[in-house]
Amino acid sequence: MGLLIQLLSARVGVATGRHLAELCREEYPTWAGRLLWLMAELALIGADIQEVIGSAIAIKILSRGFLPIWAGVVITASDCFIFLFLENYGVRKLEAVFAVFIATMALSFAWMFGDAKPSGRELLIGVLVPKLSSKTIRQAVGVVGCVIMPHNVFLHSALVQSRKIDPHRKGRVQEALNYYSIESTFALLISFMINLFLTTVFAKGFYGTKQADGIGLVNAGQYLEEKYGGGVFPILYIWGIGLLAAGQSSTITGTYAGQFIMGGFLNLRLKKWLRALITRSFAIVPTMIVALVFNRSEASLDVLNEWLNVLQSMQIPFALIPLLTLVSKEQVMGVFKVGPLLERVAWTVAALVIVINGYLLLDFFMAEVDGVLFGFLVCAGTALYVAFIFYLVSHGGALSSTWFSLVTSKRFGFIGS
């Protein structure tokens with residue numbers, strides 16, 4: 001699902017020469033465009049809180065507790081500007097920084113994977129025959145939000161424009177799309193392996209144990225060291241290095257995405273440093289509040305982290321539906337409009353994500369809502385959420401026409417038989 005969405009995002013950027021936020025501003029009325037921007041910003045803030053807090057925890061681990069979480073937040077927020085400054089020397093320099101972070105993360109978690117010595121047979125079975133307990137629905141939905149991050153849908157349509165491609169030359173556009181398909185597939189394969197390493201290490205060490213209920217981002221390093229020992233290079237610091245690399249790369253990505261989202265939706269024409277400062281401030285203020293409030297409560301920080309994943313998952317339709325609407329329009333895409341089969345698959349993915357989120361909302365309502373006033377607010381918020389999704393779908397018209405043609409063709413086939 002993540003690969004499909006990333007490829008469609010790249011397709012929009014290459015074929016039109018503009019990124020998704022700019023196209024949404026032109027496609028939708030002002031009120032809907034502003035609401036889409038607000039939803040994108042909410043998802044971005046949620047992601048940024050996780051990424052900055054993750055980096056801050058890594059800094060605390062690597063400094064042996066000398067630097068508290070709030071200090072790590074300040075350091076992470078500041079060094080982000082230093083890395084973005086590299087863009088002035090060319091986007092390739094920034095890409096090189098990302099490559100170093102990702103390689104560091106991959107090597108760190110691969111080292112931990114080697115130390116854990118998991119069963120290859122059980123691992124293969126788990127990949128090919130996945131099983132999920134109904135008790136873990138919140139975490140499962142959160143994983144969807146982690147993989148298909150809404151702000152990255154906007155970002156990818158902008159990043160592909162770092163290569164100068166004339167959208168009027170069909171051969172060059174198709175060539176670029178082919179190369180981006182290879183690039184995206186390779187990138188997501190690496191992402192899959194990193195997540196596989198990390199999940200396997202914790203599953204091997206703690207699944208079915210009493211400690212499993214108490215493990216979170218803050219104390220994971222200590223649990224790993226107790227389980228797997230120190231060794232030549234203690235696993236606690238390997239975890240810290242990997243976590244820092246993950247947090248730093250994600251934070252820079254979030255800041256980069258924020259510039260395109262705000263600039264595209266609001267049509268801002270600001271200097272890069274000022275735009276970066278504004279977008280960084282949007283996220284860093286709530287992050288600092290979270291760091292100060294949850295600094296002494298590890299359990300609360302982990303619960304917040306889960307709900308921030310869920311927040312991102314719930315924002316996916318507001319990036320995905322506009323993307324599918326635009327990529328299905330001949331007026332926007334020209335000859336690079338997606339075909340009927342791919343369109344149906346893409347809308348099926350969107351419908352699946354929306355159904356997953358609907359289940360989550362129902363689960364939340366049944367488990368968490370207590371009291372008439374809170375129940376009314378949740379119901380009202382849910383109604384507005386669903387209504388906006390229906391508006392976006394009806395505005396595009398692609399879903400209804402695609403599935404109507406599919407249903408009618410099946411119906412007539414049944415009557416004929």
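## Helix H1 and the glycine after it

In H1, the buried residues (buried means under 20% relative accessible area, exposed over 50%, partly exposed in between, with a 1.4 Å probe and protein chains only) are Gly 2, Leu 4, Ile 5, Leu 8, Ser 9, Ala 10, Val 12, Gly 13, Val 14, Ala 15 and Thr 16. That is 11 of the 15 residues of H1, so the helix is mostly covered. Helices (H or I, at least four residues) and strands (E, at least two) are DSSP runs, numbered from the N terminus.

The length of H1 (residues 2-16) also works out nicely: at 1.5 Å a residue it should span 21 Å, and its end C-alpha atoms are 21 Å apart, which agrees. The expected span here is 1.5 Å times one less than the number of residues. Right after H1 comes Gly 17, with a positive phi near 75 degrees.

## What kind of model this is

This is a predicted model, in which local features need pLDDT of at least 70 and side-chain atom pairs count only at pLDDT 80 or more, while totals for chains, interfaces and linings use all residues. Residues are numbered from 1 along each chain as its sequence is written, and side-chain values use heavy atoms, with hydrogens and water left out.

## The chain as a whole

The secondary structure comes to 18 helices and 0 strands. Of the 417 residues in the chain, 45% are buried. Contact means heavy atoms within 4.5 Å. Among contacts between residues at least 6 apart in sequence, 79% join residues at least 24 apart.

## Where H3 meets H8

H3 and H8 pack at an angle of about 105 degrees, with their axes 8 Å apart. That makes H3 roughly perpendicular to H8. On the H3 side the contact is made by Ala 40, Ala 43, Leu 44, Ala 47 and Glu 51, and on the H8 side by Pro 150, His 151 and Phe 154. These residues divide into 6 nonpolar, 1 polar and 1 charged. For the classes, Ala, Val, Leu, Ile, Met, Phe, Trp, Tyr, Cys and Pro count as nonpolar, Asp, Glu, Lys and Arg as charged, and the others, Gly among them, as polar. For the geometry, axes are lines fitted to C-alpha atoms, for helices over the stretch in contact, and angles run from 0 to 180 degrees between N-to-C directions. Angles under 35 degrees count as roughly parallel, over 145 as roughly antiparallel, 65 to 115 as roughly perpendicular and the rest as oblique.

Glu 51 deserves its own visit. It is found in helix H3 (residues 30-62) and is buried, with a relative accessible area of 9%. Leaving aside neighbours within four places in sequence, Glu 51 is in contact with Met 149, His 151, Gly 247, Ser 250 and Thr 251. On the other side of the pairing, 8 of the 10 residues of helix H8 (residues 150-159) are buried, so H8 is largely enclosed by the rest of the structure. Those buried residues are Pro 150, His 151, Val 153, Phe 154, Leu 155, His 156, Ser 157 and Ala 158.

## Helix H9 and its partners

Helix H9 (residues 170-206) and helix H10 (residues 220-228) pack at an angle of about 60 degrees, with their axes 11 Å apart. H9 and H10 are therefore oblique to each other. Val 201, Phe 202, Lys 204, Gly 205 and Phe 206 of H9 make the contact with Ala 220, Tyr 223, Leu 224, Lys 227 and Tyr 228 of H10. By class, this contact has 7 nonpolar, 1 polar and 2 charged residues.

Ser 184 is also found in H9, and at 1% relative accessibility it counts as buried. Not counting residues up to four places away in sequence, Ser 184 touches Leu 3, Gln 6, Leu 7 and His 156. The C-alpha atoms of Ser 184 and Gln 6 are separated by 7.1 Å, although the two residues are 178 apart along the chain.

## Leu 311, H14 and Lys 117

Leu 311 is found in helix H13 (residues 298-315) and is partly exposed, with a relative accessible area of 24%. Apart from neighbours within four places in sequence, Leu 311 is in contact with Leu 42 and Gly 46. Helix H14 (residues 317-327) is mostly covered, with 11 of its 11 residues buried.

Most residues other than glycine have a negative phi. Lys 117 has a positive phi of about 50 degrees although it is not a glycine. Lys 117 sits in the loop between helix H5 (91-116) and helix H6 (120-128), and is exposed, with a relative accessible area of 64%.
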